[in-house]
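Trainee: I have a structure to go through, and I keep tripping over the vocabulary. Can we take the terms one by one?

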Amino acid sequence: MYDLLIKNARLADGTQQDIAITHGIISAVGNIDDEATQRIDLKGRHFVSAGWIDGHTHCYPNSPIYHDQPDAIGVTGGVTTVVDAGSAGTDDIDDFATLAAQCQTNVRALLNISRIGLLRQNELADRRDIDAERNRAAIAKYADFIVGIKARMSGSVVGENGLTPLEDAKLLQYQCQHIPLMVHVGNAPPTLDEIVEKLGAGDILTHCFNGKPNRILTPEGELRDAVKAAIARGMTLDIGHGSASFSFEVAELAIARGILPDTISSDIYCKNRLNGPVYGLAHLMSMFLTLGLSHQAIIERVTTNVAKALKLNNKGTLAVGQDADLTLYDLESAEVTFTDTEGCSKQGQQRFTPLAAIVGGKLIVTEKGQDANVFNA
Ligand SMILES: [Zn+2]
């Protein structure tokens, strides 16, 4: 007897499957006809994937600048796991962990290596705020909640400290079982070349398609050699669209050269969620359809790939034994406008519409899902 049985789900690869859930875990996948407490028949008309994971968000509600409610950027939009990227350092991590535990969405954090988190815009300008001992203690205390660390490496953040905060981050990573490190690139100094020379396996470069001078492409439009070398060492590329870090020009040139992002994330917080240009993870996933990525390639970048990059070992695939985190969605025809952060717009003809999130086996239907008449059997 299963807790929940989803019948006739379409997968992004075109196949059709049944998925059964017991005690918050995926307990069977295939052709299933056993009894279940709750049964949802998608009749081959609606899609299911592993739960969408947004690997770069800002959802510590008490953060002064970049804040949001985890459920507003999570299950409301079909996203089952949100990863906050450094809004909190050790000063606030207890408070954030307490609030996160009360959400329907899975909330995880990348600990800002500065104890003050995003209290101000220059959290790495005073090296005394990088307290290795406190960082190690927090990472040990919150082994499930803290999934990695975050260092924002732009001139306005690091001040006179140059590359030293990144060296501190790399040492911390080494001391903490090679925990994932997400590095933000913005305006130089330091230059992108100097940053990525220190990065490799286990490191994530976010804002990878930013349109600032510190971009991944040379003025001739080729991938910078230092970035190429870091990718060869295992560094991954993350979108982190946000309010200032995504350029269609860079994205189109990169994709034309076969340089695809490994993960699609939003860098969302309340303002760019409500006023754009981000709106939500689904909106950015739809944007990548217009940039030529396939439905399946996009789903991989918010499930398997991000789970791998952030070592979320029980998430990201629809396999027996994995956490029962799933997203139910439609891919529908619609005229949609997408805007980058450089003032350019694009029209699309299709969009991902989340109908429900299932988190640890619990069904949470979105507003669109309520209208879709799927869940009131
Ligand atoms: Zn961010």
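Mentor: Sure. Start with the word donor: an N, O or S atom counts as a donor of a metal if it lies within 2.8 Å of it, with a wider limit of 3.2 Å for Na, K and Ca. Keep in mind that what you see is a predicted model.

Trainee: What makes His56, His58 and Asp267 donors of the zinc ion?

Mentor: Check the atoms and the distances. NE2 of His56, NE2 of His58 and OD of Asp267 lie 2.1 to 2.3 Å from the zinc ion. The cut-off for zinc is 2.8 Å, so these N and O atoms count as donors.

Trainee: What spacing do the donors follow along the chain?

Mentor: The pattern is H-x1-H-x208-D. His56 sits in strand β6, while Asp267 is in the loop between α8 (248-256) and α9 (270-274), 211 residues apart, so the pair links distant parts of the chain. Both His56 and Asp267 are buried.

Trainee: Which sheet does β6 belong to?

Mentor: To an open sheet of 7 strands, in the order β6-β7-β8-β9-β10-β11-β12, with parallel pairing.

Trainee: Why are β6 and β12 called edge strands?

Mentor: Look at their partners. β6 (52-57) and β12 (236-237) each pair on one side only, and that is what puts them at the edges.

Trainee: How do you know that β9 really pairs with β8 and with β10?

Mentor: Count the bridges. Pairing takes at least two of them. There are 4 between β8 and β9, and 5 between β9 (residues 146-153) and β10 (residues 181-185). Both counts meet the cut-off, so both are pairs. The strands run parallel in β8 and β9, and likewise in β9 and β10.

Trainee: Which residues face each other there?

Mentor: Leu111 stands opposite Ile149 in β9. On the β10 side, Ala151 has Val183 as its bridge partner, and Met153 has Val185.

Trainee: What makes the link from β8 to β9 a right-handed crossover?

Mentor: The chain goes from β8 through α3 to β9, a β-α-β crossover. Right-handed means that, with the strands pointing away from you, the path from the first strand over the helix to the second runs clockwise, so that is the turn to look for here. Helix α3 (residues 132-141) lies across β8 (106-112) and β9, at about 165 degrees to β8.

Trainee: Why is β9 described as largely enclosed?

Mentor: Because 8 of the 8 residues of β9 are buried, the rest of the structure largely encloses the strand.

Trainee: How do you know whether Ile19 is buried or exposed?

Mentor: Compare its value with the limits: buried is under 20% relative accessible area, exposed is over 50%. Ile19 has 0%, so it is buried. This residue lies in strand β2 (residues 16-22). Beyond its neighbours within four places in sequence, Ile19 is in contact with residues including Leu4, Ile26, Val48 and Leu318.

Trainee: And what about Thr80, in strand β7 (residues 79-85)?

Mentor: Thr80 also comes out at 0% relative accessibility, so it counts as buried. Leaving out residues up to four places away in sequence, Thr80 touches Gly51, Trp52 and Thr105, among others.

Trainee: What makes Gln177 exposed and His207 buried?

Mentor: Gln177 is at 71%, over the 50% limit, so it counts as exposed. His207 is at 2%, under 20%, so it counts as buried. Gln177 is in the loop between α5 (164-175) and β10, and His207 is in the loop between β11 (203-206) and α7 (225-232).

Trainee: Why would anyone point out their phi values?

Mentor: Because most residues other than glycine have a negative phi. Gln177 has a phi near 50 degrees, a positive value, and His207 has a positive one near 65 degrees.

Trainee: Where are the cis peptide bonds?

Mentor: One runs from Ala188 to Pro189, with omega near -5 degrees. Another joins Pro189 and Pro190, where omega is about 0 degrees. Pro189 lies in the loop between β10 and α6 (192-196), and so does Pro190. They deserve a mention because most peptide bonds are trans.

How values were computed: Residues are numbered from 1 along each chain as its sequence is written. This is a predicted model: local features need pLDDT of at least 70, side-chain atom pairs count only at pLDDT 80 or more; totals for chains, interfaces and linings use all residues. Side-chain values use heavy atoms; hydrogens and water are left out. Two strands pair if DSSP finds at least two bridges between them. Helices (H or I, at least four residues) and strands (E, at least two) are DSSP runs, numbered from the N terminus. Contact means heavy atoms within 4.5 Å. Axes are lines fitted to C-alpha atoms, for helices over the stretch in contact, and angles run from 0 to 180 degrees between N-to-C directions. Buried means under 20% relative accessible area, exposed over 50%, partly exposed in between (1.4 Å probe, protein chains only).
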